[in-house]
Amino acid sequence: MTTVEGATYDVTQVREDFPILSRRLAGDLPLVYLDSANTSQKPEAVIDALEQHYQLHNANVARAMHQLGAEASEAFEDARTRIAEFIGAPLREEVVFTKNASEALNLVARVLGDAAPESSYGVAAGDEIVITEMEHHSNIVPWQLLAERSGAVLRWFGVTDEGRLDLSNLDSLITERTKVVSLAWVSNMLGTINPLDGVIKRAHEVGALVVVDGSQAVPQLPVDVAALGADFVAFTGHKMVGPTGIGVLWGRYDLLAELPPFLGGGEMIETVTMERSTYARPPARFEAGTPPIAQAVGLAAAADYLAALGMDKVAAHEQEITAYALGALQEIDGLTVVGPKEAVDRGGAISFTLDGVHPHDVAQLLDSRGVAVRAGHHCAKPAHLRFGVQSTTRASFYLYTTTDEIDALVEALHYTKNYFG
Amino acid sequence: MNVDAQNMDSLYQEIILDHYKNPHGAGLRDPFEAEVHHVNPTCGDEITLRVHLDDGAVADVSYDAQGCSISQASASVLNDLLVGKGIDDALDVLDQFQTLMQGKGQVEPDEDVLEDGIAFAGVAQFPARVKCALLSWMAFKDAVLQADPQEGTS
């Protein structure tokens with residue numbers, strides 16, 4: 001989405017769908033919520049879906065031989081179908097529910113290790129795993145753990161001064177030794193939207209799998225996993241106006257069918273004896289135990305909400321608000337944006353430093369003006385280290401963010417500068 | 001808890017901002033018996049802290065810290081308060097400072113003991129910032145125990 005043209009929607013009207021956005025904070029200040037990359041707010045439709053489920057249809061799924069059980073099972077499996085449609089998955093069985101994106105990424109890393117040596121996809125000693133320097137810790141640590149367990153070697157793409165993925169060594173980094181490449185679609189810290197096509201093409205040339213961390217992408221970009229061509233895409237519900245406690249791993253069915261289970265427990269089995277067990281087909285194979293049922297129902301309502309708004313329009317709004325914010329923020333003396341400075345191939349998370357004021361103090365002062373942002377390393381310590389900073393302040397936007405809120409942020413930043421000046 | 005603009009001044013007392021801008025005793029020095037490195041994993045604040053103990057007293061506390069105004073000022077106040085004190089007295093001060101910080105704003109600080117440290121009373125009302133204020137103090141405690149293991153048993 002280099003440029004996204006076209007009409008958007010009425011943001012004022014959209015805001016009315018989100019009860020929390022009308023909250024007043026201490027000092028009777030209106031809430032200016034600029035922390036959506038951390039977690040998004042929830043529309044009434046999602047809150048209602050959760051409440052309705054618990055009030056009318058609550059039961060365990062796939063094990064209860066009663067009417068409520070049938071209703072709950074139907075709602076849960078219907079949610080799977082709706083999520084599959086939302087991301088363009090060819091088969092609903094390719095949607096595995098997890099508790100969050102971290103679990104989805106850990107799942108892949110774990111089973112790829114366990115798949116060796118039987119499967120050609122298995123990661124073993126001497127193989128290579130490729131990630132990038134701009135990953136969230138949840139797409140670094142699981143691969144470090146896999147490397148430690150298997151004896152595989154972990155390698156990574158660097159980041160340019162501008163905050164883009166440095167793909168100049170694409171062909172020497174992804175080689176015949178590479179078994180898996182895992183990278184973010186949109187960086188949670190730099191905001192960069194990565195050009196996945198070239199990476200996927202190269203990885204597939206050498207027979208490596210591609211895992212995409214879509215945590216920041218699925219909420220704000222139109223996604224069609226079939227067209228994308230990756231092998232796995234992980235994302236989380238709570239960043240896309242859905243509930244916490246649910247994430248998704250989408251994976252190519254033939255691949256999921258070949259991989260061993262992740263956690264053991266109820267519902268992931270075919271049959272169990274005291275000596276050994278056989279395992280269910282995907283997705284059940286990867287969903288041990290009682291799943292997040294109400295959360296799946298809520299996530300389906302979230303996907304419906306986003307689809308009704310139109311993901312192309314959500315993306316266009318994100319682009320517009322990010323361009324406005326980048327312009328306004330960079331007019332502040334002493335403020336430095338860490339990441340791409342123009343709204344080109346860029347998502348709506350802007351991390352920055354303010355000369356002489358530590359990010360914690362910035363966030364505290366902004367909070368006293370009703371402006372909620374995140375301060376710290378945003379679970380991306382290596383990306384911070386790359387830019388020689390220990391922490392940053394991050395403002396992140398979503399489909400309900402207004403230019404007035406950006407103005408409030410800028411005003412509060414001037415106040416912060418004066419306070420510490 | 002009210003976090004509006006008026007209350008910012010109770011968090012960011014003038015004394016705290018002064019210590020932040022001109023930290024006392026900053027930098028790492030020799031000699032030292034123990035050096036520790038502590039981090040606040042949620043925000044990434046870091047401190048490397050050395051203690052030099054001599055004849056039952058805290059002869060020096062030197063440090064290199066990266067962090068917010070609260071954590072930096074707190075390390076500066078620690079240096080002011082503890083250098084020159086007997087080890088036991090220093091640990092008593094630490095105890096009082098910790099009690100104040102974890103008192104949710106309900107603890108009345110003793111100015112005779114905590115001196116500039118009483119400026120942190122307001123921090124106790126901001127749960128997210130208590131760890132910032134305690135970072136250097138916990139590092140100090142750890143360093144003293146490493147330098148003089150018997151302190152842990154007294």
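## Exercises on a predicted two-chain model

The contact between the chains draws 17 residues from chain A and 14 residues from chain B, where two residues are in contact if their C-beta atoms, placed from the backbone, lie within 7 Å. This is a predicted model, in which local features need pLDDT of at least 70 and side-chain atom pairs count only at pLDDT 80 or more, while totals for chains, interfaces and linings use all residues. Residues are numbered from 1 along each chain as its sequence is written, and chains are lettered from A and ligands numbered from 1 in the order in which they are written.

### Exercise 1

Describe the side of chain A that touches chain B.

**Solution.** Begin with the elements: helix H12 (359-368) and strand S16 (374-376) of chain A each supply at least two residues of this side, helices (H or I, at least four residues) and strands (E, at least two) being DSSP runs numbered from the N terminus. Next, consider the shares, of which the largest, 6 residues, comes from H12(A). Finally, sort the residues of this side of chain A into 4 nonpolar, 9 polar and 4 charged, where Ala, Val, Leu, Ile, Met, Phe, Trp, Tyr, Cys and Pro count as nonpolar, Asp, Glu, Lys and Arg as charged, and the others, Gly among them, as polar.

### Exercise 2

Place H12(A) in relation to the sheet strands S14, S16 and S17 of chain A.

**Solution.** First establish the sheet: 4 strands of chain A form an open sheet in the order S13-S14-S17-S16, with antiparallel pairing, and two strands pair if DSSP finds at least two bridges between them. Strand S13 (335-338) and S16 of chain A are the edges, and each has a single partner strand, so one side of each is left without a neighbour in the sheet. Then look at the pairing of S16(A) with strand S17 (residues 392-396) of chain A, which run antiparallel and are joined by 3 bridges; here A:Arg374 stands opposite A:Arg394 in S17(A). H12(A) lies across S14, S16 and S17 of chain A and runs at about 160 degrees to S16(A), given that axes are lines fitted to C-alpha atoms, for helices over the stretch in contact, and angles run from 0 to 180 degrees between N-to-C directions. Helix H11 (residues 311-329) of chain A lies across S13, strand S14 (349-354) and S17 of chain A, at about 5 degrees to S14(A).

### Exercise 3

How do helix H3 (residues 69-82) and helix H6 (residues 127-147) of chain B cross?

**Solution.** Start with the axes, which come within 8 Å and cross at roughly 40 degrees. H3(B) and H6(B) are therefore oblique to each other, since angles under 35 degrees count as roughly parallel, over 145 as roughly antiparallel, 65 to 115 as roughly perpendicular and the rest as oblique. Among the residues that meet are B:Ile70 and B:Leu78 in H3(B), and B:Trp137 and B:Phe140 in H6(B). The residues of this contact divide into 9 nonpolar, 3 polar and 1 charged.

### Exercise 4

Which peptide bonds are cis at A:Pro117 and B:Pro31, and in which loops do these prolines lie?

**Solution.** In chain A, a cis peptide bond joins A:Ala116 and A:Pro117, with omega about 0 degrees, and A:Pro117 is found in the loop between helix H4 (101-115) and strand S5 (128-132) of chain A. In chain B, the peptide bond from B:Asp30 to B:Pro31 is cis, with omega near -5 degrees, and B:Pro31 lies in the loop between helix H2 (14-21) and S1 of chain B.
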